[in-house]
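Student: I am new to this structure and would be grateful for a close look at a single part of it. Please choose a starting point and show how that part is placed among its surroundings.

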Amino acid sequence: GSTTREGEQQQQPQASANSCSPLTKAAMANPSSLSASALLISRFNNEELLMRLSLTLRSFVEFRPDVGYVQGMSYIAAMLLMHLEEEAAFVGLATMMTMGHFPYFYTVNHQGMSAHIQVFEEVLKIGCPDLHRNFTVIGVHPQMYLIDWWMSLFSRTLPFDVAARCWDLYFLDPAYLYRISMAILIYFGKYLHDEAPLDEVM
């Protein structure tokens with residue numbers, strides 16, 4: 001496992017509207033958009049939350065030294081801490097690291113990761129053939145976005161309230177991992193075309 005860190009406290013630079021991709025510009029124009037202030041990361045400037053986050057992550061590293069601290073884990077722990085006390089959040093984090101796709105992605109089990117990603121690609125190919133074709137032409141492969149989405153269970157990508165709802169659905173049925181990912185792509189798919197440069201799409 002990776003060495004432990006005391007939470008991810010680095011501030012992410014805010015991109016200007018002019019430097020954003022067409023997908024992000026469209027989202028920013030929507031009142032319920034993916035604006036930085038709506039994301040979970042915006043709550044990381046809370047000193048109390050950072051202290052609780054550090055304690056929870058340190059506890060997990062002691063409990064699972066075979067996994068250690070892995071980038072993205074802080075988003076899982078922070079989301080849990082937004083709803084639970086430290087002890088319950090720790091139990092939740094430890095449990096989630098044994099569920100579904102998490103153990104494969106957080107231990108970098110390439111075979112397990114590939115299996116999940118290939119399932120999603122088949123779902124995308126069948127459910128949204130035009131979008132799949134555009135992605136293939138542009139050179140966008142599922143692992144380029146799914147790893148980030150799935151390791152944080154969308155809490156790094158979607159507005160906090162939307163991400164929380166996604167968590168509810170995931171715990172109801174882990175198959176929602178694929179459904180939510182499809183929904184995001186379908187929502188933004190109308191802004192994509194097969195002539196868009198890769199850097200703008202991403």
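Tutor: A residue counts as buried when its relative accessible area is under 20%, as exposed when that value is over 50%, and as partly exposed in between. By this definition V123, with a relative accessible area of 33%, is partly exposed. The model is a predicted one, and V123 is the starting point from which I shall examine helix α6 and its surroundings.

V123 is located in helix α6, which covers residues 110-127. Apart from residues up to four places away in sequence, V123 touches C128 and M182. The second of these contacts reaches across the chain: V123 and M182 are 59 residues apart in sequence, yet 8.3 Å separates their C-alpha atoms. For the chain as a whole, among contacts between residues at least 6 apart in sequence, 73% join residues at least 24 apart.

A brief view of the whole will help to place α6. The chain contains 11 helices and zero strands. Of its 202 residues, 45% count as buried. Its accessible surface amounts to about 11000 Å², and carbon and sulfur atoms account for 54% of this.

Consider next the partner helix of α6. Two packed helices are described by the angle between their axes and the distance between the axes. For α6 and α8, the axes come within 11 Å and cross at roughly 115 degrees. The crossing in which α6 passes α8 is right-handed. On the α6 side the contact is made by M113, H116, I117, F120 and L124, and on the α8 side by Q143, Y145, L146, I147 and W150. Eight of these residues are nonpolar and two are polar, with no charged residue taking part.

From α8 the path leads on to α10, the helix formed by residues 176-189. These two helices pack with their axes 11 Å apart, at an angle of about 125 degrees, and they are therefore oblique to each other. Here too the crossing, of α8 past α10, is right-handed. Y145, L146, W149 and W150 of α8 meet L177, Y178, S181, I184 and L185 of α10. This contact consists of eight nonpolar residues and one polar residue, with no charged ones. Y145, L146 and W150 thus appear in the contact with α10, and these three residues also belong to the contact with α6.

The loops beside these helices deserve attention as well. Most residues other than glycine have a negative phi. V108 departs from this pattern, since its phi is near 50 degrees. The residue lies in the loop between α5 (102-106) and α6, and it counts as partly exposed at 47% relative accessibility. L153 likewise has a positive phi, of about 50 degrees, without being a glycine. Its place is the loop between α8 (143-151) and α9 (160-172). With a relative accessible area of 0%, L153 is buried.

Helix α8 also helps to cover α3, together with α2, α4, α5 and α9. Nine of the nine residues of α3 are buried, so this helix is largely enclosed by the rest of the structure. Among these buried residues are M73, Y75, I76, M79 and L81.

One of the helices covering α3 is α4, whose own buried residues are A89, G92, L93, A94 and M96. These residues pack against α2, α3, α5 and α9. The axes of α2 (residues 47-63) and α4 (residues 86-96) come within 10 Å and cross at roughly 45 degrees; α2 and α4 are therefore oblique to each other. The contact joins R52, L55, T56, L57, S59, F60 and F63 of α2 to E86, A89, F90, L93 and A94 of α4. Its residues divide into eight nonpolar, two polar and two charged.

To return to the starting point, V123 of α6 is partly exposed and touches M182, while the contact of α6 with α8 includes F120 and L124.

Methods:
Residues are numbered from 1 along each chain as its sequence is written. This is a predicted model: local features need pLDDT of at least 70, side-chain atom pairs count only at pLDDT 80 or more; totals for chains, interfaces and linings use all residues. Side-chain values use heavy atoms; hydrogens and water are left out. Axes are lines fitted to C-alpha atoms, for helices over the stretch in contact, and angles run from 0 to 180 degrees between N-to-C directions. Helices (H or I, at least four residues) and strands (E, at least two) are DSSP runs, numbered from the N terminus. Angles under 35 degrees count as roughly parallel, over 145 as roughly antiparallel, 65 to 115 as roughly perpendicular and the rest as oblique. Contact means heavy atoms within 4.5 Å. Ala, Val, Leu, Ile, Met, Phe, Trp, Tyr, Cys and Pro count as nonpolar, Asp, Glu, Lys and Arg as charged, and the others, Gly among them, as polar. Buried means under 20% relative accessible area, exposed over 50%, partly exposed in between (1.4 Å probe, protein chains only). Accessible areas come from the Shrake-Rupley method with a 1.4 Å probe; for residues, only the protein chains shown count as cover. A crossing is left-handed if the near helix is turned anticlockwise from the far one by less than a right angle, and right-handed if clockwise.
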